[in-house]
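Please look over the sequence and the structure shown here before reading on. The report after them is written for a reader who is new to this structure.

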Amino acid sequence: MFSKVATRSAKGLFTDSKANFSLLKKRIQELIPQRQAELKEIKEKYGNKQIGTITVEQVIGGMRGMKGLFWDLSALDANEGIRFRGHSIPEASHKLQKVHHGHEPLPEAFLWLLLTGDIPKEHEFKDISAEILEHSELPADVEQFVKNLPTEMHPMTQLSISLLRLQTTSKFQKAYSEGIHKSKYWSPTYDDVISLIAKIPRLAALIYRNKYKDGKFINPDKHLDWAGNYSHMLGYERFEIKEAIRGYLSIHSDHEGGNVSAHTTHLVGSALADPFLSYSAGVNGLAGPLHGLANQEVLRWLLDLKKELGDDISEAKVKEFAYSTLSSGKVIPGYGHAVLRDTDPRFMHLRQFAQRYIKDDPLVDLTGTVFKVVPPILKELGKVKNPYPNVDAHSGVILYHYGLREFDYYTVIFAVSRALGAASSLVWSRALGLPIERPGSIDVNWIRNKFKDA
């Protein structure tokens, strides 16, 4: 395993002399004919088969439970949770590369898995790490642009604008304007995706240091891995928090295609908008309170609970506070999920991290007590279909423990992570020739006329 990644002097490591392709890009090129043939066979054999029925309630209710998107990077099972190309979080965590003495999977390895379905071999992991490093430097004018953004602007707004500013570097946009054949769309899309993923930690760190640390910026450390360098540029150097960031960015990287940020990225990309335009749109969706704000709301609820209970965090007192929250018409944040019907495996991953590294933290201990107390209450009251915790019930608490307490910034970290899945999905959308997304819509009169004789 690797504590450091290849430096810029290793440029030749990821350059194929014949095609000038990195190993990852070369592997995708090899996979494209297979995946195209597989999708063609699927359409020929099952194209006219019905997946299910759609109810009026589903159409009005946010399309919950409707199967209407093709997304190959990950699959979400209601009981088992997320699988990345068939690998559960425990399986991926065990198999993927880690830093020396570390336990958390490295996001670079996750990216290889998401794009190919393969666990990267050691030389492949080194190659993608070097490729990301090679593309990580921001153009000087873009860096200055980010530093000049108003500090009163929300950090997610800053991130979206910064991604749009990077759009001038898009290779896809240039190739499309020059008439590239559609069978080759995937190649400049890949280049843009790697560039975006490589640069987004720097964008995010500049935003953080400018807004919260008086513009005292920290230069990148090119000897560190992608997530470790992000933590370094934020100003957090302890091994444990770098591990926390590595794990956070890995397990949040993808969550199938129906969530707002992934779906928005796919939708905008389906119009052949380049990855910078597409993922900026996805970031705007992630900024919405119902998608990206949950771990902040959990943390505020836990802090309110702790403030009221003081040092007494007995199960009986937590139960009393939970009943009080519910009786006032509020929800207990971090419990329940639109799809999941069991404990989120991402929550369990973070719980295990906390048990490994964090000792004697009252807020972390309180998170464990809430985990014991709240599900039975929600089951008893029948308040939600899933009474168990999702990832947000623990993620903010870990960031808070390590001193990262600027709540509005938490969603930016989420956005850095989600780029791995949502942006890289665009490569396969172009490789498989997926069409522009254009579902139909209905109005009240259509519904009434459709069922007037029913």
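What follows describes one helix, the residue at its end and a loop residue, as they appear in a predicted model.

## Helix α19 and its surroundings

Helix α19 spans residues 392–401, and nine of its 10 residues are buried, so the helix is largely enclosed by the rest of the structure. The buried residues are Asp392, Ala393, His394, Ser395, Gly396, Val397, Ile398, Leu399 and Tyr400.

The cover over these buried residues includes several other helices, namely α11 (239–251), α15 (294–309), α17, α18 (362–381) and α20 (410–422). After α19 comes Gly403, whose phi is positive, with a value near 95°.

## His401 at the end of the helix

His401 belongs to α19 and is partly exposed, because its relative accessible area of 23% is not under the 20% that counts as buried. When residues up to four places away in sequence are not counted, His401 touches Ile358 and Asp361, and with the side chain of Asp361 the side chain of His401 also makes a polar contact at 2.4 Å.

His401 can also be placed relative to Ala354, since the two are 47 residues apart in sequence, while their C-alpha atoms are 9.8 Å apart in space.

## Asp344 in a loop

Asp344 lies in the loop between α16 (315–327) and α17 (345–357), and it is buried, with a relative accessible area of 0%. Leaving aside neighbours within four places in sequence, Asp344 is in contact with Pro389, Asn390 and Val391.

How values were computed: Residues numbered from 1 in each chain as written. Predicted model: local features only at pLDDT ≥ 70, side-chain atom pairs only at ≥ 80, totals over all residues. Heavy atoms only, no water. Helix = DSSP H or I, 4+ residues; strand = E, 2+ residues; numbered from the N terminus. Buried < 20%, exposed > 50% of the residue type's maximum accessible area, 1.4 Å probe, protein only. Contact = heavy atoms within 4.5 Å. Polar contact = N/O pair within 3.5 Å; in protein donor to acceptor, adjacent residues only side chain to side chain.
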